[in-house]
Amino acid sequence: MQDENFPGKLKMKFSLILIALVAAVSANADTTVYEAVYFPAAPVNVSTNLRVVGGLNAERNQFPYQVSLQRLRLIAYYHICGGTILSPNWVLSAAHCTPNGYTYRVAAGILLQSDSGVLGQQTVAVAQVINHALYPGNNIVAPNDVSLVRLASSLVYGISVQALPIPPRGYEARGEAILSGWGLIRTGGSIPDRLQFANLPIVPERADAETPVYKAEYLPATPVNVSKNLRIVGGFNAERNQFPYQVSLQRRGLITFSHICGGTIISPNWVLTAAHCTPDGNTYRVVAGIILQSDVNVPGQQTIAVAQVINNALYPGNNVVAPNDVSLLHLASSLIFGESVRALPIPPRWHQARGEAILSGWGLTRTGGSIPDHLQFANLPIVPERVNIKIKIKIKLCQFLFITSMQVSLVFSLLTSAVLATANYSNYNAAYLDTPLKVSDGLQIIGGFNALRNQFPYQVSVQRLWILTYSHVCGGSIISSNWVLTASHCTTSGTYRVVAGIVLQTDENVFGQQTLAVSEIINHPLYPETDAVAPNDISLLRLSRSLIYVENVQPIPIPHRGYVAEGDAVLTGWGLTRPSALTVPNHLQFAYLPIVPGEECDNILNDLLGDRNPFDVELNVCSGIRNGGESACSGDSGGPLVNNGLLVGVVSWVLVPCGGHNAPTVYGKTSAFTDWIVQNTNGEVEPAIL
């Protein structure tokens, strides 16, 4: 997750513009001959359905410093390169992008190359180009490939247009950086219409480029030093309490204990780890409730001796790489469960892990290095058991995007049990998702991500008064300074308030945070206001006073009547991350989901629910990954589904259990209620003009 001061502390060196980069792993083909080239270097066609390899579609306003540098050819401008806003009058780009003798302009505030007239969009002519004096020109791949672009008029800063600070002289970028742009995703292809981004590791300038010979071995198997500033390649620093089942298994040396392996809490008295970690004749302990190896007496931290080690009887021992590498640790005393210490369920015998899993641990980040002080995690795809894979063992180090040396609780494929794959849905029921629950810091939406602060400024938490305190019950979307849109089943009775400008449920007095009472609730008149799942599940909340718009509090436009959402959409909320969870996540989550066409969705739901299907093609829209894994769940109700910068859906209901195979999430179709919204807000809310 990024720092709250993103993008101000973004570890991105502008010299990343030279991207002769990252030759991917050559797996099944002859050795490729690479050459350094610029890209794109010539205008290319735009495609609306492409994504950067290994990257993600950006959200509107996520990278407000990014511009499209465009060059005039004949009578039209075409995207040629990216650029970065440094000030209202200056943009930084690459010198190979701006040879003399051409006319340029920049387009700021856009997400799509096809954007036209979106809020904050600005197109400004380039008045002057200053290429670095030492760049040789002629599109030659060379150092000093940097260019300053002076704009003919000043940019007007807003939520979608902001400057990115440059680092001080001598700054050394380390760890991970974010790359964004509209670049080709394959040689000879088209540029994507939608801005793309990817998290990439910074490669040290003098990395050893000799070709390594790989062999199977365990990681690490011996204690090593701890370093506070390392990150797993392609991974992230974990948040405190994010992985409460993770423990550090430590072995006693002469007089002190050292981290040797990871482990997973499976009950108050048992931890699961790997048999190669626990050979006989040693003394072990586990440390639970920590995020840093250097943690001392943090709330919930517990250190307990291991009373008994039970290695799998079929594991051969002697640190041999072999199957049956699993071990049970019986603790000398019981763990006390709390926010930072919890058990992780193990899957049933027949469970088949699919999709993505989360790997966590304090493993080495490079061979021969130190273990990181900070717990790391990475999202990794599950590789099917019977895949034919031919891999060249000798691979150039810089060509291998390698998630290295993580010694962890995912031992013996365990714990892909975080991936929910339910085999049988014959007893499916449609259910609303508005149950008030406790908040936990350690959850993430399955297949989703922690949101960045200010990333989704239209999202609010709708909270209901329970006895003496307010609790999160649903999500909602700001559609004007006085109105929030949510779901009718969220607001059938009770006293409500909304909290805007937050990313954590536990946020207090962060910049822009606003808590406002709800003065009036207008549920749709055709909603039956019973516990039955039904269409017309949409509600307007009038606020007791006006929201003050700032960076983290902004409205989201609604679409015009009849608008049809297509492609990918983004779902946000604080809903449950697994059907059996008892707490909602503290951190706002988001996931990218494809829109499922209405007729197709209706057919899917008819197959699953029969005559109990409440889906209405005219009034509902749905999304979902066809193999399951990403969906809304309890606590997400009323929240936004956003497509192309428009609020196209209000979370209504889902099949339980959440996130199942072939099971879509169903939303109220905002465009079906546009006229009703305009009428009931007395024209204060108007649909976007496209």
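This is a short walk through a few parts of the structure, which is a predicted model.

Let us begin with a barrel. Six strands close up in the order E26-E27-E28-E31-E30-E29, and their pairing is antiparallel. From one strand to the next, the twist averages 45 degrees. To see one of these pairings in detail, look at strand E26 (residues 459-466) and strand E27 (residues 469-480), which are joined in the antiparallel sense over eight bridges. If you pick out Val460, you will find its bridge partner in E27, namely Gly476.

Next, move along the chain to strand E34 (residues 589-596). Seven of its eight residues are buried, so E34 is largely enclosed by the rest of the structure. Several strands pair with E34, and they can be visited in turn. Strand E32 (residues 568-573) runs antiparallel to E34, with six bridges between them; here Thr572 stands opposite Phe590. Strand E25 (residues 449-450) also pairs with E34 in the antiparallel sense, over two bridges, and Asn450 of this pairing faces Gln589 in E34. Strand E35 (residues 620-623) is antiparallel to E34 as well and is joined to it by two bridges. In that pairing, Val596 stands opposite Cys622 in E35.

Now turn to helix H1 (residues 598-609). With 12 residues at 1.5 Å a residue, H1 should span 16 Å, and its end C-alpha atoms are indeed 16 Å apart, so the two values agree. Which residues of H1 are buried? They are Cys601, Asp602, Ile604, Leu605, Leu608 and Leu609. Viewed down the axis of H1, the buried residues fall within an arc of 160 degrees, which means that they line one face of the helix. The general geometry helps here: an α-helix has 3.6 residues a turn, so residues three or four places apart point the same way. On the face of H1 turned away from the buried side sit the exposed residues Glu599 and Asp607. Just after H1 comes Gly610, with a positive phi of about 60 degrees.

Finally, find Asn61, in the loop between strand E2 (56-57) and strand E3 (66-73). Asn61 is partly exposed, because its relative accessible area is 28%, and partly exposed residues lie between the cut-offs of 20% and 50%. Leaving aside residues up to four places away in sequence, Asn61 touches Ile159 and Ser160. Asn61 also shows how the fold brings distant parts of the sequence into view of one another: Asn454 is 393 residues away in sequence, while the C-alpha atoms of Asn61 and Asn454 are 9.3 Å apart in space.

Conventions: Residues numbered from 1 in each chain as written. Predicted model: local features only at pLDDT ≥ 70, side-chain atom pairs only at ≥ 80, totals over all residues. Heavy atoms only, no water. Helix = DSSP H or I, 4+ residues; strand = E, 2+ residues; numbered from the N terminus. Buried < 20%, exposed > 50% of the residue type's maximum accessible area, 1.4 Å probe, protein only. Contact = heavy atoms within 4.5 Å. Pairing = 2+ DSSP bridges. Axes fitted to C-alpha atoms, helices over the stretch in contact; angles between N-to-C directions. Expected span 1.5 Å × (residues − 1). Arc of directions from axis to C-beta.
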